[in-house]
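Biologist: Before we discuss this model, I would like each label set against its definition.

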Amino acid sequence: VDIVIPTGVTLDSVATSAGSCTAGAGSATCTIGAVGAGSGATITLGVTTTAVGNADFVATVTADADDVGSNNQATLRLSVDPAVDLETSVASQTQVRLNQNVTVNPAVENLATIDASNVTVTVTVGAGISLDSASWSAGSCSITNDTATCDASSIAARATESLQIGLTGLVTGDSSYAIAASAAEPDRDPNNNAATGPVRVTEASSNVSDDSGGGSTGILARVG
């Protein structure tokens, strides 16, 4: 069986319930062997789509002898709907002294090959810290009741946008902030749309070094 892989589709794997398969540039070939009367074999393709629209897979079967050759070819149409993959990331640790300010820079990356439209990002803070400011170059932000809502008309494919979130330490101890992102398109992996960044509020006179680098640096820990 010879299978033509359409444009806009990447073949990740091919397997058959009988025989063996090989993959080449834009095609796959499976050698089934003998097929008994009234039986058959199933070929399974694992693919990744890179374009929206219809993708036609054309399969052609050949054998040593075939009484009816007119039914030896079939077309399977795969409809590809728009889908994005927004991934959020935060600093692995942020430290702020009591009654002082720090800026953290959580980020949203669009891992998909298409633009994400009407993107909304929310940032909320836990007890012991306040949310003082929010901005990003991708669009606009507003703050209501310690929740920042940031909107953007789009985030380009494979692009990353960072937010600037101002926090103040109110009570010493451990707290956190949370970020969540969504878009108008379906998300192929919603499990990585949200992340939580830990924040430690220390005494104003603490001599412990600030690992957050003012909140603008630090190791990014991706969730998902």
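Biologist: Which residue of strand 18 stands opposite Gln95?

Modeller: Gln95 stands opposite Arg200 in strand 18. This is a predicted model, in which local features need pLDDT of at least 70 and side-chain atom pairs count only at pLDDT 80 or more, while totals for chains, interfaces and linings use all residues. Residues are numbered from 1 along each chain as its sequence is written, and side-chain values use heavy atoms, leaving out hydrogens and water.

Biologist: What makes strand 9 and strand 18 a pair?

Modeller: Two strands pair if DSSP finds at least two bridges between them, strands being DSSP runs (E, at least two residues) numbered from the N terminus. Four bridges join strand 9 to strand 18 (residues 194–202), so the definition is met, and the two run parallel.

Biologist: Where do these strands lie in the sheet?

Modeller: The open sheet has six strands in the order 9-18-17-12-15-14, with mixed pairing; strand 9 (94–97) and strand 14 (140–144) are its edge strands, each pairing on one side only.

Biologist: How do you know that Cys141 and Cys150 form a disulfide?

Modeller: The term covers a pair of cysteine sulfur atoms within 2.5 Å, and the S to S distance of Cys141 and Cys150 is 2.1 Å, so the pair qualifies. Their link is right-handed, with 110° about the S-S bond.

Biologist: Why is Cys150 called buried, and why is Cys141 called partly exposed?

Modeller: Buried means under 20% relative accessible area, exposed over 50%, and partly exposed in between (1.4 Å probe, protein chains only). Cys150 is at 0% and therefore counts as buried, whereas Cys141, at 25%, counts as partly exposed.
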